[in-house]
Amino acid sequence: MDKRPKNEEYLIPVSLCVHTITNNLYRDLQVWLTLKFFFGFKFMLDRETLKKVSDWVSVSTRTVRRSINSLLEINWIGHDQNTGIYYIRGFYRIMEIEGLKGKTAARFQITWTEEIRAFLAGVVIGYLVNHRKKSEREASRKKRRGLPASRSGSFQPVSISALSQVLEVSESTAFRLRKEAADKDFISMKQNIINTQVPIKYIKIYKEVQTNHVFAKDGMVFEQFPNLCRPELKFKARRH
């Protein structure tokens, strides 16, 4: 069986990225991508296969075997008991199985396999930023008919609470995911703090009417808004 790498880059649907995070399928997706990378559409489960995948993902062969069993359970791969061949289902079939929709996908390089969590978080955050920018452009066109649409900034606010709701995870998990995505350069992120120009003596009153984090610095009241994020991944519509 040909065991040369088939493709070094894949278009992973955004909805599949969300599904993977929500259902904690990081390892399963990691192993599935590695199998697809090395073997294409089918493979035999032998020592050489287990060793190749475990070396690439940097986990034990026992963990790989456990993940392959999990992939069988969720039907991302199939197994012909007569021939012993395992079949790797494609993105389109997996989307059908999981009831997922949407054509927007992010470019994934197989060298990012060990950084799968950070990549997936970067995809979701990047998609949220792009969606917000698109919505702002559309709103601008409606308000300024006959005039050029205003250009949104490349950075957009992405709050932990919003990310937590989209991914159906705790806010602490959402915070860690956003940080990982930034640490691995799948997004760029910067703080969103403004000087309110309100003297520090009014900070108690200011806190009563604000929901964001408020703090004092240099004798003035500062307000911290959700961090600003910019996607560093490339998105493209999948044909199927």
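Leaving aside its neighbours within four places in sequence, which residues is S54 in contact with? In this predicted model, the partners are V59, S60, T61 and V64. S54 itself belongs to helix 3, which covers residues 47-57. Its relative accessible area comes out at 4%, and since anything under 20% counts as buried, S54 goes down as buried.

Now for the sheet. Three strands make it up, arranged in the order 1-5-10, and the sheet is open with antiparallel pairing. Strand 1 (9-13) and strand 10 (235-237) sit at the edges with a single partner strand each, so one side of each has no neighbour in the sheet. Going from one strand to the next, the twist averages 45 degrees. Helix 1 (residues 14-22) packs on this sheet and touches strand 1, strand 5 and strand 10. If you compare directions, helix 1 makes about 75 degrees with strand 1.

Let's look at how strand 5 meets strand 10. Strand 5 takes in residues 104-109, and three bridges join it to strand 10, the two running antiparallel. One pairing to pick out on screen is A105, whose bridge partner in strand 10 is K236.

A106 is also in strand 5. Is A106 buried or exposed? It is buried, because its relative accessible area is 0% and the cut-off for buried is under 20%. Not counting residues up to four places away in sequence, A106 touches Y10, L11 and I12, along with F119, V123, K234 and F235. There is a nice long-range pair here too: A106 and L233 are 127 residues apart in sequence, yet their C-alpha atoms are 6.7 Å apart in space.

Helix 5 (residues 91-98) is a good next stop. Its residues F91, I94 and M95 are buried. Why do the buried residues of helix 5 line one face of the helix? Seen down the axis, they fall within an arc of 100 degrees, so one face is what they line. As for what they pack against, the buried residues of helix 5 meet strand 1, helix 1 and helix 2 (26-39). Just after helix 5 comes G99, which takes a positive phi of about 70 degrees.

Finally, there's a helix pair to look at. Packed helices are described by the angle between their axes and the distance between those axes. For helix 7 (residues 160-167) and helix 8 (residues 171-183), the axes come within 8 Å and cross at roughly 105 degrees. Angles of 65 to 115 degrees count as roughly perpendicular, so that is the label for helix 7 relative to helix 8. On the helix 7 side, the contact is made by I160, S161, L163, S164 and L167. Helix 8 brings E171, A174, F175, L177 and R178. Sorted by class, that contact has six nonpolar, two polar and two charged residues.

Which residues of helix 7 are buried? They are I160, L163, S164 and L167. Looking down the axis of helix 7, these buried residues lie within an arc of 100 degrees, so they line one face of the helix. Right behind helix 7 comes E168, with a positive phi near 60 degrees.

Notes:
Residues are numbered from 1 along each chain as its sequence is written. This is a predicted model: local features need pLDDT of at least 70, side-chain atom pairs count only at pLDDT 80 or more; totals for chains, interfaces and linings use all residues. Side-chain values use heavy atoms; hydrogens and water are left out. Two strands pair if DSSP finds at least two bridges between them. Helices (H or I, at least four residues) and strands (E, at least two) are DSSP runs, numbered from the N terminus. Axes are lines fitted to C-alpha atoms, for helices over the stretch in contact, and angles run from 0 to 180 degrees between N-to-C directions. Contact means heavy atoms within 4.5 Å. Angles under 35 degrees count as roughly parallel, over 145 as roughly antiparallel, 65 to 115 as roughly perpendicular and the rest as oblique. Ala, Val, Leu, Ile, Met, Phe, Trp, Tyr, Cys and Pro count as nonpolar, Asp, Glu, Lys and Arg as charged, and the others, Gly among them, as polar. Buried means under 20% relative accessible area, exposed over 50%, partly exposed in between (1.4 Å probe, protein chains only). The arc is that of the directions from the helix axis to the C-beta atoms.
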